[in-house]
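Me: I'm new to reading protein structures and would love to go through one with you, question by question. Could you put it up so we can start?

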Amino acid sequence: GELGITPYDYNAHPWAPVPGATHVAQLVAGGGVCAIRDDGTLYCWGPHPFTGPHHTREEFIATSSPRAVPGLRGVKRLLLGTVPCLVYADRVECEKPEEVDAHATFQRIDVPAADVVDVAGGGDEACFVLRDGSVRCWGPGPAPYVRDGGWWSKQLRAGFRHVRTVPGIHDAVQVSVMFTHDCVTTRRGHVKCWGDNEYGELGDGTLGRRDEPVYVRWFLPTL
């Protein structure tokens, strides 16, 4: 039901308007699709975190066209995916991945909603750029390529107890979150990345993991 049209099927469709998706201020995809309307209401279709688990074809059909999510108003920003988050005017609420807590609900986290200028998610975390240029993340951070199941399970649970501030970032304007590494763009157009680096993802000329941000070589600041 991700296309927001019926009948439900697995075939590709040409471009077509999604019925009922009007006055959309923000559109977010991640599994299903959700639209924040101008009035702050949330409309979603396809599998999304506000409908509970989907197991049968009939349950997917039930959400194959946009429907208002009851009880959710005043949403300013939205993040779907493994770690869905809602940004309101006065608070930020995020969920834990199912592998951390199968019965998790959205909970308020320590991120000042009024200062959020960008949000991104990927892997097992969600990150927020704040007005002062700092970056706060909910989750354990970029995962290593080779991970022991028991060790990573402990890291997951620890990562979803507190919001962490990424060290060495004071002038970010945009954040990009991947499964094994994260990057930010700074106000001066530089790029910093951190996380796994087995294939040179961090762009710093090395192949070693970095737990603190490093400059991408071709975007180094002029000294």
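Me: Which residue in β6 is the bridge partner of Leu78?
Reply: Keep in mind that this is a predicted model. Strand β5 (residues 75-79) and β6 run antiparallel and are joined by four bridges. In one of them, Leu78 has as its partner in β6 the residue Leu86.

Me: Which residue takes a positive phi in the hairpin of β5 and β6?
Reply: That hairpin has five residues between its strands. One residue there has a positive phi, near 115 degrees, and that's Gly81.

Me: What about the next turn: how many residues lie between β6 and β7 in their hairpin?
Reply: β6 and β7 run antiparallel, with three bridges joining them. Cys85, for instance, has Cys94 as its bridge partner in β7. The number of residues between the two strands of this hairpin is three.

Me: Which residues of β6 point the other way from Cys85 and Val87?
Reply: Cys85 and Val87 point one way from the strand. The rest of the named set points the other way, and every one of the four is buried. The two you're after are Leu86 and Tyr88.

Me: Which charged residue sits over the ring of Tyr88?
Reply: Look for a charged end placed over that ring, 3.8 Å from its centre. For a charge to count as sitting over a ring, the cut-off is within 6 Å of the ring centre, along with a limit on the angle. The residue here is Arg91.

Me: And which ring does the charged end of Lys192 sit over?
Reply: Here the charged end is 4.6 Å from the ring's centre. The ring belongs to Tyr215.

Me: Which strand gives the most to the largest nonpolar core?
Reply: That core has 18 residues, and Cys85, Val92, Cys94, Ile109, Val111 and Phe128 touch the most other members. β6 (85-88), β7 (92-94), β9 (116-122) and β10 (125-130) each supply at least two residues. The top giver, with three residues, is β10.

Me: How many residues are in the second, separate core?
Reply: Its members include Ile36, Phe50, Val69 and Val75. The count for this second core is 13 residues.

Me: Which strands stand at the edges of the open sheet of four strands?
Reply: The order in this sheet is β1-β2-β3-β4, with antiparallel pairing. Two of these strands have a single partner each, so one side of each is left without a neighbour in the sheet. Those edge strands are β1 and β4 (67-68).

Me: How many bridges join β1 to β2?
Reply: Strand β1 (residues 24-30) runs antiparallel to β2. One pairing to look for is Val28 with Cys34 in β2. In their hairpin, which has one residue between the strands, Gly31 takes a positive phi near 85 degrees. The number of bridges joining β1 to β2 is six.

Me: On the other side of the pairing, which residue in β3 stands opposite Ala35?
Reply: β2 and β3 run antiparallel and are joined by four bridges. Opposite Ala35 you'll find Tyr43.

Me: Is Thr41 buried or exposed?
Reply: Thr41 lies in the loop between β2 (32-37) and β3 (42-45). Its side chain makes a polar contact of 2.6 Å with that of Asp39. Leaving out neighbours within four places in sequence, Thr41 touches Ala35, Ile36, Leu72 and Arg73. Its relative accessible area is 10%, and the cut-off is under 20%, so Thr41 is buried.

Me: Why does Cys183 count as buried?
Reply: Cys183 is in strand β14 (residues 181-186). Beyond four places away in sequence, its contacts include Gln174, Val191 and Trp194. Buried means under 20%, and Cys183 counts as buried because its relative accessibility is 13%.

Me: What kind of aromatic pair do Trp138 and Phe160 form?
Reply: A search of the whole structure turns up one aromatic pair. Trp138 and Phe160 make up this pair, with 5.4 Å centre to centre and 80 degrees between the planes. The two are 22 residues apart, with Trp138 in strand β11 (residues 135-138) and Phe160 in the loop between α2 (149-159) and β12 (164-165). Planes over 60 degrees apart count as edge-to-face, and this pair is edge-to-face.

Conventions
Residues numbered from 1 in each chain as written. Predicted model: local features only at pLDDT ≥ 70, side-chain atom pairs only at ≥ 80, totals over all residues. Heavy atoms only, no water. Buried < 20%, exposed > 50% of the residue type's maximum accessible area, 1.4 Å probe, protein only. Contact = heavy atoms within 4.5 Å. Phe/Tyr/Trp six-rings, centres within 6.5 Å; stacked < 30°, edge-to-face > 60°. Lys NZ or Arg CZ within 6 Å of the ring centre and 35° of its normal. Polar contact = N/O pair within 3.5 Å; in protein donor to acceptor, adjacent residues only side chain to side chain. Pairing = 2+ DSSP bridges. Core = buried A, V, L, I, M, F, W, Y, C linked by side-chain atoms within 4.5 Å.
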